[in-house]
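I opened this notebook to keep a record of what I looked up, going from the whole chain down to single residues. The sequence and the coordinates come first, and my entries come after them.

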Amino acid sequence: MKDKASYIRKRIKTWDHDFFDLDFSFVGSKTLVLLIHGLEGSSDSKYMASNVNHLKKEGLDTVCFNLRGCSGEDNLLLSTYHSGKTEDVDFVIKYLLKNYEYKNIIIVGFSLGGNLTLKYIGEQGENISPIVKGGIAVSVPIDIGSAEIEMDKLKNKLFMEMFFKTMKNKLLEKAFKFPEYKLDQSKLFKATKFKHLEHLYTVPVFGFKSPEDYWKKASSKPYLLNINKPTLLINAKDDSFLSRECYPYEEAEISKYFFFEETKFGGHVGFMTSFKPIENTWLEYRIDRFIKENIQLDI
């Protein structure tokens, strides 16, 4: 099936006594595509699996990076992941460079994973490994503060309820495992906005001063002009999660390496071309085309 993929899982230990689960799909390529999922996603997310299967057909190896606590098993620490936690991406890239002999690595991220992709490539700038040849980011809230205002609107109520169900359960589990984490459960049950969860978890656990401090430091938008590898951002005009600030026309105009593509339709990581699942491959083909046309791969 298009939305299922077969993986070989590799668990790696982190510098801070945690683990990452990496799900590989090998075809014997010299190019590896690292895919990073969105909020509360995993390698099993449909958009991840469909892109893995497509890239596999095109002869490329892939590895899905399951962010902390997202691989089906809770991670070992109180801290998990957030939109700007690029030290985790850096660790995985360095692990791949050290343990595999790929000539090319391309990073593809979706939503939160797309923010990590753009921020990482921009942060690294001239220091990025020459093996990392470029990136593609899809449906990305590159300006987190303004995007959260959109997410809090009534139009996204069902999506928010879906996210909050899993996120609240995870926070309750963390509070049980780590008694020193004084979670205010009454506030958790009443939480209806990401900002509420940031006050309860992201800010105290990751050491931010406030949700606003987190938005500023985690957003990828300030790093776009530092990107010096061919990198594409695709955001749909009808994405209900994105604010006006998440469509960086000016940055793309100025930059030699950063490309921005706005589609009329696509929603949030949707980009359907028809109601027949087998035909819904616009995004997969677009990612593949950008790699072939814009990214110089070593053979």
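The entries below go from the overall fold to charged pairs and then to a few single positions.

**Entry 1: the chain as a whole**

I note at the outset that this is a predicted model, so every value here is computed from predicted coordinates. I looked up the secondary structure and found 10 helices and eight strands in the chain. I then asked how the radius of gyration stands against that of a compact globule of 299 residues. The chain has 18 Å where the globule would be near 19 Å, and the two agree. Along the principal axes, the box filled by the C-alpha atoms comes to roughly 55 × 40 × 40 Å.

Next I looked up burial and contacts. Of the 299 residues, 57% are buried. When I took contacts between residues at least 6 apart in sequence, 76% of them turned out to join residues at least 24 apart. The exposed area is about 14500 Å², of which carbon and sulfur atoms supply 55%.

**Entry 2: charges**

I counted 43 positive and 41 negative charges, and their mean positions lie 2 Å apart. How many salt bridges does a search of the whole structure find? The search returns 25, and I followed up three that lie within helices.

**Entry 3: three pairs within helices**

In helix H2 (residues 86-99), I found Lys-94 and Asp-90 four residues apart, which means a separation of about one helical turn. Their side chains meet in a salt bridge at 2.9 Å, N to O. I also checked the accessibility of both partners: Lys-94 is exposed, with a relative accessible area of 52%, whereas Asp-90 is buried, at 17%.

In helix H5 (residues 157-177), Lys-157 and Glu-161 are likewise four residues apart, or about one helical turn. The closest N and O atoms of this salt bridge are 2.7 Å apart. Here I found Lys-157 partly exposed, with a relative accessible area of 45%, and Glu-161 partly exposed as well, at 42%.

In helix H10 (residues 282-294), the salt bridge joins Lys-292 to Asp-288, with 3.1 Å between the closest N and O atoms. These two residues are again four apart and separated by about one helical turn. Lys-292 counts as exposed at 54% relative accessibility, while Asp-288 is buried at 5%.

Beyond these pairs I noted a network, in which salt bridges that share partners join Arg-9, Arg-11, Asp-21, Asp-23 and Glu-73.

For the spacing that recurs in this entry, I wrote down the general point that an α-helix has 3.6 residues a turn, so residues three or four places apart point the same way.

**Entry 4: a buried acid without a salt bridge**

I then turned to Glu-251, which is found in helix H9 (residues 249-254). Which side chain of opposite charge is nearest to Glu-251? It is that of Lys-221, 4.5 Å away, and Glu-251 is buried yet has no salt bridge. The cut-off matters for this reading, because a salt bridge requires the nitrogen to be within 4 Å of a carboxyl oxygen. Leaving out residues up to four places away in sequence, I found Glu-251 touching Lys-221, Leu-224, Leu-225 and Phe-258.

**Entry 5: Leu-232 and helix H8**

Leu-232 has its place in strand S7 (residues 231-236), and with a relative accessible area of 2% it is buried. Apart from neighbours within four places in sequence, its contacts are Gly-135, Ile-136, Ala-137, Phe-259, Glu-261, Arg-286 and Phe-290. I also looked up Asn-294, which is 62 residues from Leu-232 in sequence and 9.3 Å from it in space, C-alpha to C-alpha.

For helix H8 (residues 211-218), I listed Pro-211, Asp-213, Tyr-214, Trp-215 and Ala-218 as buried. What do these buried residues pack against? They pack against helix H3 (112-124), helix H4 (144-151) and helix H7 (194-206).

**Entry 6: Ala-5**

Last, I looked up Ala-5, in the segment before strand S1 (8-13). Ala-5 counts as partly exposed at 21% relative accessibility, and the limit for buried is under 20%. Not counting residues up to four places away in sequence, Ala-5 touches Ala-49, Val-52 and Asn-53. Between Ala-5 and Gly-114, 109 residues apart in sequence, I noted a C-alpha to C-alpha distance of 21 Å.

Notes: Residues are numbered from 1 along each chain as its sequence is written. This is a predicted model: local features need pLDDT of at least 70, side-chain atom pairs count only at pLDDT 80 or more; totals for chains, interfaces and linings use all residues. Side-chain values use heavy atoms; hydrogens and water are left out. The radius of gyration is taken over C-alpha atoms; the globule rule is 2.2 Å times the number of residues to the power 0.38. Buried means under 20% relative accessible area, exposed over 50%, partly exposed in between (1.4 Å probe, protein chains only). Contact means heavy atoms within 4.5 Å. Accessible areas come from the Shrake-Rupley method with a 1.4 Å probe; for residues, only the protein chains shown count as cover. Lys and Arg count as positive and Asp and Glu as negative; His and the chain ends are not counted. The place of a charge is taken as NZ of Lys, CZ of Arg, CG of Asp or CD of Glu.
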